[in-house]
Amino acid sequence: MRDNQVAWHRSIRLRIVVVALMVEALMLSLLLANSYRLVSNALEAQTSSRLEALTPLLNASLAGRVFQRDYAEIEAILQQLLASDLTEIAYIIVYDANGRVMARQGQIDINALPREDHDVQDAMSDQIFDTTIPLSIQNSVIGRVNFGLSMLHMVTLRGSVLQQSLLIAAIEILLSLLLLATAGYIITRHIITLLEATQRVTQGKYSTHIEVQQRDEIGLLTENFNTMSEAIQSRIEALEESDSRFRAIFNAVGDGIFIHDAASGALIDVNERMCEMYQCSREQALANTIESCIADADHTTPMWVQQQL
């Protein structure tokens, strides 16, 4: 008898869950990648906006002082810029037209200045966007400013957004796993019922009837199975009734009847009159060949019996 249980790693329920989770994980990965791209683009745009806002501000506040070589005023302006939370400047250095340092603020080594960043990705190593802008008066360059914009706040904000997105994705996958497992159970529990019913049919229990209160494909399959079982049971009953009628007629005949295999001589069936004639049971007769039966008969010869059959 075949085992009625399906290994868990071969079950339809597991396959449904695995395939659905793979598709969902792929879609969530694409969504997270797109979210990361959008946040990075927003970070890039915000940095560009800050630079566009700071460039005229720095030029307006420092160009005249650099031209006048007002070191004290330049130093005071730089202190105010670093102290303000709005500018988020990490360091700033002012140079004159000859490249000499006029003033600086912030923790920076002027002998080992970082190279200028061209985009936000370049600034990710130290989370400071390093850049240079010229100072000019009436289109005449009279100096330059090197400064670094702190990106810590925006990078932290991006990390928080991505972290929340990952948390939402994890919760969504967990809920989907529960939903898929439940759906898989609902689907496969009726299939298991059908599997158990087919097992009973293989054992000859054709009267098996399944009750599934559904009007979907599973319900239709169940109805077809019940119809098939009823048809098989009806045909078996008809065959049994036909066999009973044949047996009654077969045994009612007054002559002894042998039914045997012409090739091997093995007896297939005999009627009751034959058993009476040869003083044996049906089982004993079927255990012999026709030659062994007629050889023990005194009133006939094997040739005569063969001619009568």
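## Side-chain contacts in a predicted model

The charged end of Arg 144 sits over the ring of Tyr 95, 3.9 Å from the ring's centre. That contact, like everything below, comes from a predicted model.

**Salt bridges**

How many salt bridges does a search of the whole structure find? It finds seven. Three of them, including their closest N and O distances, are set out here.

| Basic residue | Acidic residue | Closest N and O atoms |
|---|---|---|
| Arg 100 | Asp 96 | 3.4 Å |
| Arg 245 | Glu 241 | 3.1 Å |
| Arg 247 | Asp 269 | 2.7 Å |

Take Arg 247 and Asp 269, whose closest N and O atoms are 2.7 Å apart. Arg 247 lies in helix H4, while Asp 269 lies in strand S6 (residues 267–270). The salt bridge therefore ties together parts that are 22 residues apart in sequence. Arg 247 is partly exposed, at 22% relative accessibility. Asp 269 is buried, at 7%.

Sharing partners can link salt bridges up. Arg 69, Asp 96 and Arg 100 are joined into one network in this way. Within that network, Arg 100 forms a salt bridge with Asp 96. Is Asp 96 buried or exposed? Asp 96 counts as buried, because its relative accessibility is 2% and the cut-off for buried is under 20%. Arg 100 is partly exposed, at 47%.

Glu 241 and Arg 245 make a salt bridge inside one helix. Both residues belong to helix H4. They are four residues apart, so about one helical turn separates them. Glu 241 is partly exposed, with 48% relative accessibility. Arg 245 is partly exposed too, with a relative accessible area of 48%.

**The aromatic pair**

A pair of aromatic rings is described by the distance of the centres and the angle of the planes. The structure holds one aromatic pair. Phe 246 and Phe 250 form that pair, with 5.4 Å from centre to centre and 15 degrees between the planes. The pair counts as stacked, because planes under 30 degrees apart fall in that class.

Where do Phe 246 and Phe 250 lie? Both are in helix H4 (residues 217–252), four residues apart, or about one turn of the helix. Phe 246 is partly exposed, with a relative accessible area of 41%. Phe 250 is buried, at 6% relative accessibility.

**A serine in helix H1**

Ser 61 belongs to helix H1 (residues 12–68). A polar atom of the Ser 61 side chain lies 2.9 Å from the backbone oxygen of Leu 57. Ser 61 is buried, with a relative accessible area of 17%.

Definitions and conventions: Residues are numbered from 1 along each chain as its sequence is written. This is a predicted model: local features need pLDDT of at least 70, side-chain atom pairs count only at pLDDT 80 or more; totals for chains, interfaces and linings use all residues. Side-chain values use heavy atoms; hydrogens and water are left out. Rings of Phe, Tyr and Trp (its six-membered ring) pair if their centres lie within 6.5 Å; planes under 30 degrees apart count as stacked, over 60 as edge-to-face and the rest as tilted. Helices (H or I, at least four residues) and strands (E, at least two) are DSSP runs, numbered from the N terminus. Buried means under 20% relative accessible area, exposed over 50%, partly exposed in between (1.4 Å probe, protein chains only). A charge sits over a ring if NZ of Lys or CZ of Arg is within 6 Å of the ring centre and within 35 degrees of the ring normal. A polar contact is a pair of N or O atoms within 3.5 Å; within protein, one must be able to donate a hydrogen and the other to accept it, and residues adjacent in sequence count only if both atoms are side-chain atoms. A salt bridge is a side-chain nitrogen of Lys or Arg within 4 Å of a carboxyl oxygen of Asp or Glu.
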